[in-house]
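Reader: I am new to this structure. Please take me through it one part at a time, and tell me how far each part can be trusted.

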Amino acid sequence: MTAGEPATASDLVDVAKLVTAYYAVHPDPGDPAQRVSFGTSGHRGSAFTAKFNEDHIAATTQAICEYRDARDIREPLYLGATPTPCPGRPRSARWRCWPPTASMCSATRAAVRPAPAVSPATLAHNARGSARRADGS
């Protein structure tokens, strides 16, 4: 697909199958092709190939929360979610991840705040001059 051109049938994703795969497909930790992969703006991959699913979100979130907790980091952890359709991410996969992520972070005492505009929220907090800085994703 080229920018500015209409999507073709082969560009479209079966949203119901994608959502089912997110919850039903579990990665094999021994298969490098199914491990968590990060790109320029976060977690990359597809639920269809076991690269982006509930297991990955839970493991990544737990690691972040444990890291922050072990270092007594109490500043806000801003989590963003895009509630509008995105190519390849119907109603944003991050939006579906929000409830378990917020619950897990709260259980490890991290201060979690939903923020659709993560960068501005993080920059505003850090501009206050505190030595302890906010994080965002």
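**Helix 2 and its surroundings**

Reader: Which residues are buried in helix 2?
Author: This is a predicted model, in which local features need a pLDDT of at least 70 and side-chain atom pairs count only at pLDDT 80 or more, whereas totals for chains, interfaces and linings use all residues. Residues are numbered from 1 along each chain as its sequence is written, and side-chain values use heavy atoms, with hydrogens and water left out. Helices (H or I, at least four residues) and strands (E, at least two) are DSSP runs numbered from the N terminus, and buried means under 20% relative accessible area, exposed over 50%, and partly exposed in between (1.4 Å probe, protein chains only). By that cut-off, the buried residues of helix 2 are H56, I57, T60, T61, C65 and R68.

Reader: How wide is the arc that these residues cover around the axis of helix 2?
Author: The arc is that of the directions from the helix axis to the C-beta atoms. An α-helix has 3.6 residues a turn, so residues three or four places apart point the same way. The buried residues of helix 2 lie on the same side of the helix because they cover an arc of only 150°.

Reader: How far does helix 2 reach from its first C-alpha to its last?
Author: Helix 2 spans residues 54-70 and has 17 residues. The expected span, 1.5 Å times one less than the number of residues, comes to 24 Å for helix 2. The reach in the model is close to that expectation, at 24 Å.

Reader: Which residue caps the N-terminal end of helix 2?
Author: The cap is a polar contact, that is, a pair of N or O atoms within 3.5 Å; within protein, one must be able to donate a hydrogen and the other to accept it, and residues adjacent in sequence count only if both atoms are side-chain atoms. Here a side-chain oxygen lies 3.1 Å from the backbone nitrogen of D55, and that oxygen belongs to N53.

Reader: Which residues does T61 contact, leaving aside its neighbours within four places in sequence?
Author: T61 is found in helix 2 and is buried, with a relative accessible area of 8%. Contact means heavy atoms within 4.5 Å. With those sequence neighbours set aside, T61 is in contact with T101, M104 and C105.

Reader: Is A59 buried, exposed or partly exposed?
Author: A59 also lies in helix 2, and it stands 9.3 Å from V36, C-alpha to C-alpha, although the two are 23 residues apart in sequence. With a relative accessible area of 49%, A59 counts as partly exposed.

Reader: What phi does D72 take just after helix 2?
Author: D72 lies in the loop between helix 2 and strand 3 (76-79), and it is partly exposed, with a relative accessible area of 43%. Although D72 is not a glycine, its phi is positive, at about 55°.

**Core, helix 4 and confidence**

Reader: Which residues form the largest nonpolar core?
Author: A nonpolar core is a set of buried Ala, Val, Leu, Ile, Met, Phe, Trp, Tyr and Cys residues joined through side-chain atoms within 4.5 Å. The largest one has 6 residues: L18, A21, Y22, A47, F52 and I57.

Reader: Which helix gives the most to this core?
Author: In soluble globular proteins, nonpolar side chains tend to be buried together. In this core, 3 residues come from the helix that gives the most, helix 1.

Reader: Which strands do the buried residues of helix 4 pack against?
Author: In helix 4, V118, T122, H125 and N126 are buried. They lie on the same side of helix 4 because they cover an arc of only 95° around its axis, while the face turned away carries the exposed residues L123 and A127. The buried residues of helix 4 pack against strand 3 and strand 5 (135-136).

Reader: Where in the protein chain is confidence lowest, by helix or strand?
Author: The predictor's confidence in each residue is its pLDDT, from 0 to 100, and the protein chain averages 77, with 74% of the residues at 70 or above. Where pLDDT is low, the predicted coordinates should not be read in detail. Confidence is highest in helix 1 (residues 15-24), at 89, and lowest, at a mean of 62, in strand 4 (residues 111-114).
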